[in-house]
Amino acid sequence: MPELPEVETGCLLVRRVAAGRRIVGVDASADPIVFERVSPERIRKALLGRRVKAVRRHGKHFWLELDQRPWPIFHFGMAGGVHVPRRRSVRLVSHGDKGPGPAWPPRFTKLVLTFEDGGLLAVTDARRLGRIRLRMDPATEPPISLLGFDALRGLPSPAHFIGLVQERGAPIKALLLDQSFSAGVGNWIADEVLYRARIDPRRRARSLSAAEARRLRLALRDVVGTAVRVRADSDRFPRTWLFHYRWGKQMGALTARGEAIRHITVGGRTTAWVPTVQH
DNA sequence: CTCAGTGTTCAGTG
DNA sequence: TCACTGAACACTGA
């Protein structure tokens, strides 16, 4: 679930349920991996009785501003997310893995918050690569202070962006994935952006012309902006996006325009690209 | 049973 | 020191 658009969408959900309310219940699982060196007791102590003043995000991290520090930071890793009960009635017992119907709390829940108005919020993480941290001032402390510009709201000016790109020697795809460069970009966004900018993912960032870097910036703005606008609902991504065809691996995968898709490894990640279009 | 994966970190290398 | 690479991490689902 977790690139910038998914995190932003989760953030909106959290804001809807939590903003302005007091936390009256904290149920934290004892998971030392998800709770980075923070015991469930400390999480509970930090959150219980606090009022949520604001919900902020930078890149793939988001955090709650409370009426008292420290504040919790959430990162979804590869398979984390936030959930609220569907409908009004809450079943406390899930009835089997299959079959439709509400289940609460969801599978892989690591944290459940209850709010004064009865609202509920569950934080899940199936693969346990996500993290929940406590910081006195999240924006100025690692890991968030180490992030680059936010790919949705912090895009640098064209001139600045071109400069940032041309001073780096990594493959352009690896640079896009570097969170200290563009915070929030993940594997599929990087591929989509490069496809739309018609740039070979293996190209060294330094080798991009000003025109190419400009194209890259616009593609980044468009892909992230569009994905956020549709609430990260991939069914609503434009049909022209590589996203819909990139997993037709094996052989003969084609884009909407009939272009052949190839898969290679760049920056340590599986990369889908279209050699006839990207140079 | 094996392996890829919408991510990050860290040891190792140049 | 900086920058980059690749393996490790952890676990589900195909």
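1. The axes of helix α3 (residues 158-166) and helix α6 (residues 210-229) come within 9 Å of each other and cross at roughly 110°, which makes α3 roughly perpendicular to α6. Helices here are DSSP runs of H or I with at least four residues, strands are runs of E with at least two, and both are numbered from the N terminus. Axes are lines fitted to C-alpha atoms, for helices over the stretch in contact, and angles between N-to-C directions run from 0 to 180 degrees. Under 35 degrees counts as roughly parallel, over 145 as roughly antiparallel, 65 to 115 as roughly perpendicular, and the rest as oblique. The crossing of α3 and α6 is right-handed (the near helix is turned clockwise from the far one by less than a right angle, whereas anticlockwise would be left-handed).

2. A note on provenance belongs here. The model is predicted, so that local features need pLDDT of at least 70 and side-chain atom pairs count only at pLDDT 80 or more, while totals for chains, interfaces and linings use all residues. Residues are numbered from 1 along each chain as its sequence is written, and chains are lettered from A and ligands numbered from 1 in the order in which they are written.

3. In the contact of these two helices, Pro158, Phe161, Ile162, Val165 and Gln166 of α3 meet Ala210, Ala213, Arg214, Leu216 and Arg217 of α6, where contact requires C-beta atoms, placed from the backbone, to lie within 7 Å. By class, the residues of the contact of α3 with α6 divide into 7 nonpolar, 1 polar and 2 charged. Ala, Val, Leu, Ile, Met, Phe, Trp, Tyr, Cys and Pro count as nonpolar, Asp, Glu, Lys and Arg as charged, and the others, Gly among them, as polar.

4. Helix α6 also packs with helix α5 (residues 187-197), at an angle of about 130° and with the axes 8 Å apart, which makes α5 oblique to α6. This crossing, too, is right-handed. On the α5 side the contact is made by Ile189, Glu192, Val193, Arg196 and Ala197, and on the α6 side by Arg215, Leu216, Ala219, Leu220, Asp222, Val223 and Val224. The class division for the contact of α5 with α6 is 8 nonpolar, no polar and 4 charged.

5. One open sheet has 4 strands in the order β2-β3-β4-β8, with antiparallel pairing (two strands pair if DSSP finds at least two bridges between them). Its edge strands, each pairing on one side only, are β2 (52-58) and β8 (131-135), and neighbouring strands are turned by 20° against each other on average, direction ignored. Strands β2 and β3 run antiparallel and are joined by 6 bridges, with Arg57 having Phe62 in β3 as its bridge partner. Their hairpin has 2 residues between the strands, and Gly59 takes a positive phi near 60° there. Strand β4 (residues 71-75) pairs with β8 in the antiparallel sense over 5 bridges, and Ile73 stands opposite Arg133 in β8.

6. A second open sheet, also of 4 strands with antiparallel pairing, has the order β1-β6-β7-β5. The edge strands are β1 (23-28) and β5, each of which pairs on one side only, and the average turn between neighbouring strands, direction ignored, is 15°. Strands β1 and β6 pair in the antiparallel sense over 5 bridges, and Val26 stands opposite Leu113 in β6. Helix α2 (residues 40-47) packs on this sheet, touching β1 and β6, and its direction makes about 170° with that of β1.

7. Helix α1 deserves separate mention. Helix α1 (residues 4-18) lies across β2 and β3 (61-66), running at about 180° to β2, and α1 also lies across β5, β6 and β7 (120-125), at about 30° to β5.

8. Several backbone features merit a check. Most residues other than glycine have a negative phi, and most peptide bonds are trans. The peptide bond from Trp104 to Pro105 is cis, with omega near -10°, and Pro105 lies in the loop between β5 (80-83) and β6 (109-115). Phe108 lies in the loop between β5 and β6 and has a positive phi, near 65°. A cis peptide bond also joins Pro142 and Pro143, with omega about 5°, and Pro143 is found in the loop between β8 and β9 (149-150).

9. As to the DNA, 15 residues lie around strand B, of which Lys60, Met78, Gly186, Asn187 and Thr270 come nearest; a residue is near a molecule or strand if its C-beta atom, placed from the backbone, lies within 6 Å of it. The surface near DNA strand B has 6 nonpolar, 5 polar and 4 charged residues. DNA strand C is surrounded by 12 residues, the closest being Arg128, Arg168, Gly169, Ala170 and Gly268, and the surface near DNA strand C divides into 6 nonpolar, 3 polar and 3 charged residues.
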